[in-house]
Structure formats: structure tokens, C-alpha cells
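User: I've got a model open and I'd like to learn how to read it feature by feature. Could you walk me through it?

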Amino acid sequence: MSIDTSNFGANNSSPLSLSKSATTTCASLLRELQEIWDEIGENDNERDNMLLQLEQECLDIYRRKVERSRKYKAELHQSLAEYEAEIAQVASALGERVSLPRYEKMKGNLKEQISIISPTVEDLRRKKQERVKEISEIEFQVAQICAEIAGSDQITDIHGIRVDELDLTTKKLGELKSHLKELHFEKKLRLQKVSSHISDIHELSAVMSLDFENIMGEIHPSFVDSVAGQSKSISNETLARLTSEMNSLIQEKQQRLLKVQHLGRTLLELWSLMDMPIEEQTRFHHVTRLIGSTAGEVLIPGSLSVDVIEQTEVEVERLNVLKVSKLKELIFKRQSELEEIYKGVHMDVDSDNARQILLSFMESGSTDLSDLLSSMDDHIVKAKEQALSRKDILDKVEKWRHASEEESWLDEYERDENRYSAGRGVHKNLKRAEKARALVSKIPSLVENLTAKVKAWELEKGMPFLYNKAPLLRTLEEFSISRQEKEEEKRRSREQRKLQDQLATEQEALFGSKPSVKKPLGQSTHANTMVATPNSRRVGTPSSRFGISGGKDRRDSGKVATVIPINYVALPKDDRGG
């Protein structure tokens, strides 16, 4: 069987036809195979079978190639469809509109169509990847801030964020950014609140000398052991703890301040009571200066510490021990002051009995010494008020007493027959006598006004006005009666002297001139001198009735009596220059 090689290379214009060199090669190989068969001696059947087998193998190769080409074509169609679907999906997810060319109207093979659509797909993929990354970063920040607010210790890794790739629109991105902005603002507010609470707690801790780090560590470890990159806790629980701790410290500060203020007032009372030196008081000036302060005004570190309170309590306890003896001393001091007030206004007081009563009160222990001292202060106030109410009357009593003393002096002065004799101090006595007469003439009105004031005082107070244990009204009445008797006695004396003068005149007319009486030697010298002053013989004056004397009597009472001229009288300071 001969091999026909004429068909090899036919229709070589087809894309699937063999090339000229291939056809030549095949023809050469077939001739060589024919020669080999001839040499071997293959029969025609075997040669036909081998040729059929060779043709079948060639057909199989062609078929496989065609199948592969079909499959590749289908893959290209699938890729093109997938590209179109991906473009539609990504564009929908991104919320963008993408215009694609009409491929059916395009003249070109599948590869050309794919090459045209591929840049659009790549661009959309890039945009999608960027959008996914941007959204994942925002959602990661949102998750972090939400975890901080929730107080979660597990911080999500950015790779654990699952982004919904079906919704990658700019609207969603804007919402996420807006939400993130709100969370950042919320975080900022919480950080400010946390910082404010920490500052307040630090200030309160400093004022009360508390362990600030220990307090903050109990609230949250992040306030003490801050890890690099880890911010302070801003969770709801942390904020609640900070608020609770701050309120607790504010209450504690208020309680300590009230305690310190109470101790400070107690110190002031004890210092005032015991006349404590300024040096001693200065040691606790940091306590007493807080008495008028509010809790918000107390900012000095350590001013409300436990040590300050304990030291102040020890000082108060020490002063309370000294208080008892000091109170006793002050009570008797107040009693002496009370007695001086009564004595100054001529009021009667039984000093010995009063002191004995005070002593029995103190020894019995039934009366608080502070209350007793306060009662003594009240008595002193009342005594001063009573003394003030008596002042006007006592001033008039003093004027009355002085006028009476001058009246007594004037009486003795006028009884002195040698008052006009030349001698030292005569002109001063004459001037004093002139003033005394003017003053004596006012005695009735003085007594009358004084009596009216005493009656008005007794009517208002509902008690008699005592002057050196004696009722002043009775003394005034006795004085008025005594003065009337004295005036009557003077009148009778003048009438008797007038009768004696008339009798002497009649005797002179009957018997001649009046015989002169010669005084014994030395009589005039003796007559012109006396012991003490004329005031030493006065009787019935207010001073003698009240058991006291005037200023001159007090000066003379402590001196030894000296012999001075009977007409020498000391004048007030304003008259010594005359």
C-alpha cells in the first residue's frame, strides 16, 4: 500500500492547516516509513492498520486540542462574565456608577474584550481595597473607644475587624466617621472628667495627708502603673468609682474640718480663760485660722491631717487639766473685781461670806467651774449696770458732801474771833469763805434734787438706795432735820447775843465805860493755835454720817497732828496762785 502524500499541505491557508515545513517533514517521514516497511517486508494489511492507527492518533490529538480551545474559550467567557459581575457588585458596594462598553457591538475576540474591561476591574478592586482598609481602621478605632468606655480589657486586633464588603458606600463611611468623631468627643469629655476627679482627689489627699497613689491604685491600676501607649481608664465603672471616692473624701474633709474648728474654738476659749501667752498660741495658729473657713477654702497640704488633729486633741486635754486650777483663780479674781465695783459705788457686800460660798461650790464639785465663772461674769455685768445707774446720784452725793464740809468749815471759821487778824493765809481763807457761803446757799436745792432722784431710782428699781449700808433717803431726812435744828440753834444764839449786847449797853449807860479785861501773858499765842484743822471738830456732816471723810480728812488721818495757826486752811490747786 502506497502512501498518498498529496493531501499534506492542502488548504494550508486555514489557521489549523499544517505549515509547509511541517507538510514536507511529514511527507519525508512517510516515505522513510514506506522504505522501512519495504525493507521489513510488511504486508499491506499491517501497513493499512498502522496508517489507520497513525491517522487515529492524529485525530485524537486534534480533538484534544479543540477541546482545550473550547474550554479556554469558555473560561474566557466565564472570566468576562465574572468581570462584569464583579464590576456590578463592587460598583454597587461602593455606591458608584460605572459605564461599561457594549461588547456585542465591538469587533474583537474575547481576549481583546477582557483586555478592555480589565483596567476597570483593577481600578474598582483598588478602590474597594482602599475603602475596606479605611472602614476597617475607623471601625477598629470605634471598637477601641467603645472597649475603653465599656471597661473591657480585651482590645480587638485590627485584623479581627470584619468589614461588610457589600456596603462600602461613602454614606456608610461618613456615618462611621461621624460616629468616630462623637466617640472621640465623648472620650475627650471623659478624660477631662477623669483628670478633674484625679486633681480633686489629689488636692483632698494632700489636705488630709492621705496616700494618693494607693487611693488611685484601688480605683484603677491605669492611674498608677501606666503602660506605654495605654491611656487612663475612662469606663463608666471607673468614673463611678472616682465620683464615689471624691464624694467620700469631701465628706471626710468636712468632718475633719468641723472637728478641727471645734478644737480651735476650744483652744481659743482655754487661751482666753487662762491668759495664755501669744508664743503658746502661735504653735496652733494653723488650727485656729480654720475656724471661720469653709471646706472649699481649706487648701493647705496637711492642714487636716490626722497628726494635726491628734496634736490639737492632746493640747486641749493638757489645757483642760490646767483649766481647773486656773478657773478657781479666775473665779476669786472675778469676786475681787465684783467687790471693787460695789465698793466704788458705796454698796454693801459681805466679802467673807461670798468667798466662803464660792469655795464650798468649788469643793463640792456639784457646779461646773466654767458655768460658775460665766455666772460671775454675768454678776459683774449686772453690777456695772447697777453702778452706772447709781453714778448720777453718787455724783450729787459727792457735791452734797463737799458742800456740807464747806459749811462746817465756814461755821468754825466764823466762830474764830481772830479770823481777821493779820497773818499768813488770811486772804486765802477770806476767798474760801466767800466761795463756801455761795456753796452753802445751794445745799437745800442740792438735798431736794438728790432726794427726788433717790426716790425715782427706788421707785424704778423697787429697792432702797443704800449708801455704805445705810438708806440714803433716811440719811438725807436726818441731815435735813439736823440742819434745821442747827439753824434754829444759830437763830437762838443770835437772839441771845443780841440780848447780851443790849444788856451790856444798858450797863454801860448806868456804870460808865466797859471795863477792859487783861489777858494773861501768853494767852493770845495759845488762842491763835490749835491741833489739826477746823474740820476735826465738825459734827453732823454727810461724811461723819456715812463713816467716811473727805479728801483732806483722808490725808490728815495718816499723819501725826502738828501745831499750825488756827486760821490756816489749804486751798484747792486752782486757788493757790491767788
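Analyst: Happy to. Keep in mind that this is a predicted model. Let's start at one helix end: Asp211 caps the N-terminal end of helix 5, with a side-chain oxygen 3.4 Å from the backbone nitrogen of Glu213.

User: Which residues of helix 5 are buried?

Analyst: Helix 5 covers residues 212-219, and its buried residues are Ile215, Met216 and Ile219. Looking down the axis of helix 5, you'd see these buried residues fall within an arc of 95°, so they line one face of the helix.

User: What sits on the other side of helix 5?

Analyst: Glu213 and Glu218 are there, and they are exposed. Glu213 is also the residue whose backbone nitrogen takes part in the cap by Asp211.

User: And what do the buried residues of helix 5 pack against?

Analyst: Two helices: helix 4, spanning 170-208, and helix 6, spanning 236-274.

User: Where is Ser209, and what is its phi?

Analyst: Ser209 is in the loop between helix 4 and helix 5. Its phi is positive, about 55°, although Ser209 is not a glycine. As for cover, Ser209 is partly exposed, at 47% relative accessibility.

User: Let's try another loop. Is Ser303 buried or exposed?

Analyst: A residue counts as buried under 20% relative accessible area. Ser303 has 9% relative accessibility, so it counts as buried. You'll find Ser303 in the loop between helix 8 (285-288) and helix 9 (306-344).

User: What surrounds Ser303 there?

Analyst: Setting aside neighbours within four places in sequence, Ser303 is in contact with Val207, Leu290, Val298 and Val308. There's a polar partner as well: a polar atom of the Ser303 side chain lies 2.8 Å from the backbone oxygen of Ile300.

User: How do I handle a residue in a helix, say Leu268?

Analyst: Same drill: place, cover, partners. Leu268 is in helix 6, and it is partly exposed with a relative accessible area of 38%. Not counting residues up to four places away in sequence, Leu268 touches Thr288 and Ile291. You can also compare separation along the chain with separation in space: Leu268 and Gln281 are 13 residues apart in sequence, and their C-alpha atoms are 8.5 Å apart.

User: Which other pairs can I compare that way?

Analyst: Try Gln129 and Glu165, 36 residues apart in sequence and 9.6 Å apart from C-alpha to C-alpha. Gln129 is in helix 3, residues 110-150, and is exposed, with a relative accessible area of 60%. Another pair is Lys461 and Gln386: they are 75 residues apart along the chain, with 9.7 Å between their C-alpha atoms. Lys461 is in helix 13, residues 443-461, and its relative accessible area of 36% makes it partly exposed.

User: What about cysteines? How many disulfides are there?

Analyst: First the general idea: a disulfide is a covalent bond between the sulfur atoms of two cysteines. A search of the whole structure finds zero of them. Take Cys58: the closest cysteine sulfur is in Cys26, 7.4 Å from its own, which is too far for a bond. Cys58 counts as partly exposed, at 39% relative accessibility, and Cys146 also counts as partly exposed, at 34%.

User: Zooming out, what does the protein look like overall?

Analyst: The secondary structure comes to 17 helices and four strands. Of the 578 residues, 31% count as buried. The accessible surface is about 38,000 Å², and carbon and sulfur atoms account for 52% of that area. For contacts between residues at least 6 apart in sequence, 75% join residues at least 24 apart.

User: Last one: where is the pLDDT under 50?

Analyst: Start with the average: the protein has a mean pLDDT of 76, and 79% of the residues score at least 70. Residues 8-16 stay under 50, and the model has 10 contacts for them beyond four places in sequence. Over residues 516-540 the pLDDT is below 50 too, and that stretch has 37 contacts in the model beyond near neighbours in sequence.

Conventions: Residues numbered from 1 in each chain as written. Predicted model: local features only at pLDDT ≥ 70, side-chain atom pairs only at ≥ 80, totals over all residues. Heavy atoms only, no water. Buried < 20%, exposed > 50% of the residue type's maximum accessible area, 1.4 Å probe, protein only. Arc of directions from axis to C-beta. Contact = heavy atoms within 4.5 Å. Polar contact = N/O pair within 3.5 Å; in protein donor to acceptor, adjacent residues only side chain to side chain. Disulfide = S-S within 2.5 Å. Areas by Shrake-Rupley, 256 points an atom, 1.4 Å probe, with all protein chains shown as cover. pLDDT = per-residue confidence, 0-100.
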